[in-house]
Amino acid sequence: MLILSIDTSGVDCSACVYDSAADAVLGEVTEHIGKGHAELLMGIIDGALNEASVTLDAIERIAVTIGPGSFTGIRVGVAAARGFALSLGVEAVGITTLETLAAHHLSQNPGLPVAVGLDAKRGEVYLQTFAADGAPSSDAALLSLEDAKAALSGFAGTIIGSAHPLLAGGETGSGPDRFAIATVARVAATKPVGVPKPAPLYLRGPDAKPQTGFALERRPVA
């Protein structure tokens, strides 16, 4: 199965074409941009397709990161994935950043459960734990730093992610969480047919909110 995977959830804008039967990445493009995913994503997808020497109509599944992460970036990626899936008549699957980081860690360090903690700023942590086989053992949650520490009390596994220094008592996180886009594709290949359409996993509301107190009164036109 040929999978096109997309990531716009963080500081990278990435796409890759992955052949699940051969466990091979055929084409991959990643740009470290911070912001501006909407402007670059289609060119990055074209670059991955060109490197793989395949056309878009050869793709059999779309994978996209759904968060937690950048509010705007996640919306861009999910909208693109659902649009491609609809036009191609294929399935789109959503992969969380938490399970992606867990899957990558477990592929390199098998045998122990893993907790993924992402620095959500404002003294908060995105947290989820996974068993040694990669299955989630808790729901993804946004917790205060103190609640996250309490949740991990006695955790018999490895803690990873940008919040790890904070959870260990440090004053700052380790910086943006990054991962190989191929990991997203590999996780997507394990998903069964018929999963729900990808939808953003924000866990926190947007920073920008309507200023309802300054809304102008609507008056009927004479």
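Let's start with two helices, α1 (residues 37-52) and α2 (residues 71-88), in what is a predicted model. Two packed helices are described by the angle between their axes and the distance between the axes. Here, the axes of α1 and α2 come within 10 Å, and they cross at roughly 40 degrees. An angle under 35 degrees would count as roughly parallel, and the perpendicular range runs from 65 to 115. The pair α1 and α2 is therefore called oblique. As for handedness, the crossing of α1 past α2 is right-handed.

Which residues of α1 and α2 actually meet? On the α1 side, look for H37, A38, L41, M42 and I45. Facing them from α2 are G73, V76, A80 and F84. Sort this contact by class and you get seven nonpolar residues, two polar ones and no charged ones.

Now find the strands. Strands of a sheet pair through backbone hydrogen bonds, either parallel or antiparallel. One open sheet in this model has five strands, and reading across it gives the order β3-β2-β1-β4-β5, with mixed pairing. At its edges sit β3 (24-32) and β5 (91-95), each of which pairs on one side only. From one strand to the next, the twist averages 15 degrees.

Zoom in on two of the pairings in this sheet. Strand β1 (residues 2-7) runs parallel to strand β4 (residues 61-65), and four bridges link them. If you want a spot to look at, take L4, whose bridge partner in β4 is I62. Strand β2 (residues 12-19) and β3, on the other hand, run antiparallel and are joined by eight bridges. There, V17 stands opposite G27 in β3.

Between β2 and β3, the chain makes a hairpin with four residues between the strands. One residue to pick out in that loop is D23. What is the sign of phi at D23? It is positive, at about 50 degrees, although D23 is not a glycine.

Another loop has its own feature to look for. Follow the chain from β4 towards α2, and in the loop between them you'll find P68. The peptide bond joining G67 and P68 is cis, with omega at about 0 degrees.

Time for the other sheet. An open sheet of four strands has the order β8-β7-β6-β9, again with mixed pairing. Its edge strands, each pairing on one side only, are β8 (141-144) and β9 (158-160). The twist in this sheet averages 30 degrees from one strand to the next. Inside the sheet, strand β6 (residues 114-119) and strand β7 (residues 124-130) run antiparallel, with six bridges joining them. Across that pair, D119 stands opposite V125 in β7.

A helix goes with this sheet too: α3 lies across β6, β7 and β9. Relative to β6, α3 runs at about 130 degrees.

Helix α3 (residues 97-108) also has a helix partner, α6 (residues 181-189). How do these two cross? Their axes come within 9 Å and cross at roughly 95 degrees, and that makes α3 roughly perpendicular to α6. The contact brings E99, T100, A103 and H104 of α3 up against T183, V184 and V187 of α6. By class, this contact has three nonpolar, three polar and one charged residues.

Finally, here's what a database record adds. UniProt, in an unreviewed entry, places a feature called "domain: Gcp-like" at residues 31-139. Over that stretch in the model, the chain is 42% helix and 23% strand. The C-alpha atoms at the two ends of the stretch are 30 Å apart.

To go back over the helix pairs, look at α1 with α2 again, crossing at roughly 40 degrees, and then at α3 with α6, crossing at roughly 95 degrees.

How values were computed: Residues numbered from 1 in each chain as written. Predicted model: local features only at pLDDT ≥ 70, side-chain atom pairs only at ≥ 80, totals over all residues. Heavy atoms only, no water. Axes fitted to C-alpha atoms, helices over the stretch in contact; angles between N-to-C directions. Parallel < 35°, antiparallel > 145°, perpendicular 65-115°, else oblique. Left-handed = near helix turned anticlockwise from the far one by under 90°. Contact = heavy atoms within 4.5 Å. Nonpolar A, V, L, I, M, F, W, Y, C, P; charged D, E, K, R; others polar. UniProt positions renumbered as here; feature names shortened; annotations may be inferred. Pairing = 2+ DSSP bridges.
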